[in-house]
Structures are given as C-alpha cells and as structure tokens.
Amino acid sequence: MLVNAKEMLIKAKREGYAVGHFNINNLEWAKSILLAAEENSSPVILGVSAGAAKYMTGFKTVTAMVKAMVESLNITVPVALHLDHGSFEQAIECIEAGFSSVMFDGSHDSIEENIAKTKEIITLAHNRGISVEAEVGAIGGDEDGITGGGEVANPNECKLIADLGVDMLAAGIGNIHGKYPENWKGLDFDTLAAIQFNTDEMPLVLHGGTGIPSEMVKKAISLGVAKINVNTECQIVFAEKVREYIEAGKDLSGKGFDPRKILAAPAEAIKQMVKTKMILFGSVNKA
C-alpha cells in the first residue's frame, strides 16, 4: 500500500532526519530502492519524472508496477510514489493515476500564477489524501530536459506558497540538479534558515542531493530539510556497472547478452548506494 509523504516528513522533521527521495526509471531501479528501504527499515519516496513515466509507458503503468512490487516483495516500510517536477497538467494526471504524492513545479511561473495553480492542485490532491510539494526559486542544472540556473528563493515568496497549505516546500538555495561544478559556492544556509522561519516549521525539500558534501547535508537537515532528492547518483552507478559488464565481455555464449545478468550488478550497486544515503540522511530504523 502506498502512503502520502506528509506524515513521514512531519515525523522526520520532528526527529531530525530526512527521508530519501530516489528517482526510478525502470523496474530494476524501483526494486533496488524498495529492497534497500526494507533492509534499512527506512521510509522512502520513489520519485518519477514525466520523462521517466513516458519511458515506462505512462503514469498508470508506473502506479501499477510499484503497487504490485510493494505487495510481491512484502515491503512493510512506508512508501510514497511521488511526481517529481510536474507541470500543472502532469500533476492532475498523476492524481488520477493513483500517485500518493505530487510535486507541482510552478517555479518558472510568476508568483501570482504559481499561487493560483498551486491552490488548485492542493484542493484536488488533498480531497484524495495525496500530499503536495511546491517549489519557489528554480533549482539549477538540468532536470528531465528543463534547465534552471540555481536561483536562491525569496523567503517571503516561500511564505506565500507555504500558507496555501502545501505539505512540503522545495526552495532554491544554490542547489542544482546533476553534478556540481568545481566553482560551486555551496548551499546558502542563511536563506534556508530564513525560509524555515517564514514557513512555520514546514518540512523543506532539498533537490540535487547528488554531490552535496556530507557536512552540508547534515546542516541542511538541522535547518529544516526533511526530504532529500537523489537522481544523478543512481544514473551514474547504473551506467558504470553496465559499462563494466559489457567491456568485460561477459556472457558471450553465442546467445547474446542476457539482460537479466547485465542489470544484476547495476541494480545491486543502486541498492547499496541508496542504503548509504539513508544512513547519511539518518532515516535508518525510522519506519
């Protein structure tokens, strides 16, 4: 059974840890992350971008796959299925498709349009017990073909969105999607503290969790971050292990490569990476 993310993030915020949000792109990724969460007794959020959902043939397919896997793998920890960086239309589609949580990313709109659309999504989602994440200040880097410049959010605008009744808020504090450049200035903790003060202890979300130094992650959690998104790191370890397998020339039996064997090592690498992140986030044994 899928749950919304609200209660798990309130608990995380209260107890001083963060729940890991890990993007999935296929069955192997989803299985690895679910098994990691179960082995660590950690709540987990499976993130799905619009591009990943399209690859997997749609939001309804993703919902059916994840629900079936939770049941067949006997997953007992809380699991939320979450739309990552969705448009207004995609958020509505996910609400209809059975997602338990959605992110409406109105950060590229004017604050007035962001507010209007967020209010509508909140009403539709909350009527079905679905949690809602909103964003203020575009996150830098590239996310599913959408590029942002790494803005620092206005704490007053964050309050306007938080006061609408969202369950969690993603705010730009210098974080980016993808790999961080060598000249990256780091997270703006003064802005993070101001946002937390203005949003009345709302659980905050840190996107771009790949490559942020551990000490920065821990400080962000201490300042109100209760959900941390990781995607690029999953992609990197998956690609590395696939490349290693093929370059080693394994499984050349005349029948061609066995995809199950090719994907076994990448899947295990993702599981171990996720377990390590959960330790860093402090969510182990918090289910």
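Helices and strands are named here as DSSP runs, numbered from the N terminus. On that naming, proline 213 falls in the loop that joins β9 to α9 (214-222). The model shown in these close-up views is a predicted one.

**Figure 1. Proline 213 in the loop between β9 and α9.** Is proline 213 buried, partly exposed or exposed? Proline 213 counts as partly exposed, because its relative accessibility is 28%, and the class of partly exposed residues lies between the limits of 20% and 50%. Isoleucine 176 is 37 residues away from proline 213 along the chain, and the C-alpha atoms of these two residues are separated by 13 Å.

**Figure 2. The aromatic pair of phenylalanine 88 and phenylalanine 104.** The count of aromatic pairs in the model comes to three. In the pair of phenylalanine 88 and phenylalanine 104, the ring centres are 6.2 Å apart and the planes stand at 80°, so the arrangement is edge-to-face. This pair links distant parts of the chain, since phenylalanine 88 belongs to helix α5 (residues 88-97) and phenylalanine 104 to strand β4 (residues 101-104), 16 residues apart. Phenylalanine 88 counts as buried at 15% relative accessibility, and phenylalanine 104 likewise counts as buried, at 2%.

**Figure 3. Helix α5 and the elements that cover its buried residues.** The buried residues of α5 are Phe88, Ala91, Cys94, Ile95 and Ala97. An α-helix has 3.6 residues a turn, so residues three or four places apart point the same way. The cover over the buried residues of α5 includes α4 (59-72), β3 (79-86), β4 and α6 (111-126). After α5 comes glycine 98, which has a positive phi, near 100°.

**Figure 4. Cysteine 94 and cysteine 234, two buried residues without a disulfide.** The number of disulfides in the model is zero. Why is the sulfur of cysteine 94 not bonded to the closest cysteine sulfur? The closest cysteine sulfur, in cysteine 234, is 19 Å from the sulfur of cysteine 94, which is too far for a bond, because a disulfide is counted where the two sulfur atoms lie within 2.5 Å. Cysteine 94 is buried, with a relative accessible area of 0%, and cysteine 234 counts as buried at 0% relative accessibility.

**Figure 5. The largest nonpolar core and the surroundings of valine 48.** The largest nonpolar core holds 82 residues, and those with the most contacts inside it are Ile24, Val48, Val62, Val66, Val79 and Leu169. Helix α11 (residues 259-281) gives the most to this core, contributing nine residues. Which residues is valine 48 in contact with, once its neighbours within four places in sequence are left aside? Valine 48 is in contact with Asn23, Ile24, Ala53, Met56, Val62, Leu81, His82, Leu83, Asp84 and Phe99. Apart from the largest core lies another core, of 13 residues, and among them are Ala5, Ile45, Met168 and Ala226.

**Figure 6. The largest cavity and its lining.** The structure holds one cavity of 30 Å³ or more, and the volume of the largest cavity is about 50 Å³. The residues that line the largest cavity are Leu169, Ala171, Ile173, Leu192, Ile195, Leu204, Val205, Leu206 and Val225. At least two residues of this lining are supplied by each of β8 (168-171), α8 and β9 (204-206), and β9 gives the most, with three residues.

**Figure 7. Threonine 191 in helix α8.** Threonine 191 is part of helix α8, which spans residues 189-198. Its relative accessibility is 13%, so threonine 191 counts as buried. When neighbours within four places in sequence are left aside, threonine 191 is in contact with Val152, Ala153, Pro155 and Ile173.

**Figure 8. Serine 41 and threonine 57, two residues with a positive phi.** Most residues other than glycine have a negative phi. Serine 41, which is not a glycine, has a positive phi of about 50°, and serine 41 sits in the loop between α2 (27-40) and β2 (44-48). With a relative accessible area of 25%, serine 41 is partly exposed. Threonine 57, also not a glycine, has a positive phi of about 80°, and its place is in the loop between α3 (50-55) and α4. At 64% relative accessibility, threonine 57 counts as exposed.

Key
Residues are numbered from 1 along each chain as its sequence is written. This is a predicted model: local features need pLDDT of at least 70, side-chain atom pairs count only at pLDDT 80 or more; totals for chains, interfaces and linings use all residues. Side-chain values use heavy atoms; hydrogens and water are left out. Helices (H or I, at least four residues) and strands (E, at least two) are DSSP runs, numbered from the N terminus. Buried means under 20% relative accessible area, exposed over 50%, partly exposed in between (1.4 Å probe, protein chains only). Contact means heavy atoms within 4.5 Å. Rings of Phe, Tyr and Trp (its six-membered ring) pair if their centres lie within 6.5 Å; planes under 30 degrees apart count as stacked, over 60 as edge-to-face and the rest as tilted. A nonpolar core is a set of buried Ala, Val, Leu, Ile, Met, Phe, Trp, Tyr and Cys residues joined through side-chain atoms within 4.5 Å. On a 1 Å grid over the protein atoms alone, a cavity is a set of points where a 1.4 Å probe fits but cannot get out, and a pocket is an open set with protein on both sides within 12 Å along at least five of seven lines; lining residues have an atom within 4 Å of a point. Grid points are joined across faces, edges and corners, and a volume is the space filled by probe spheres set on the points.
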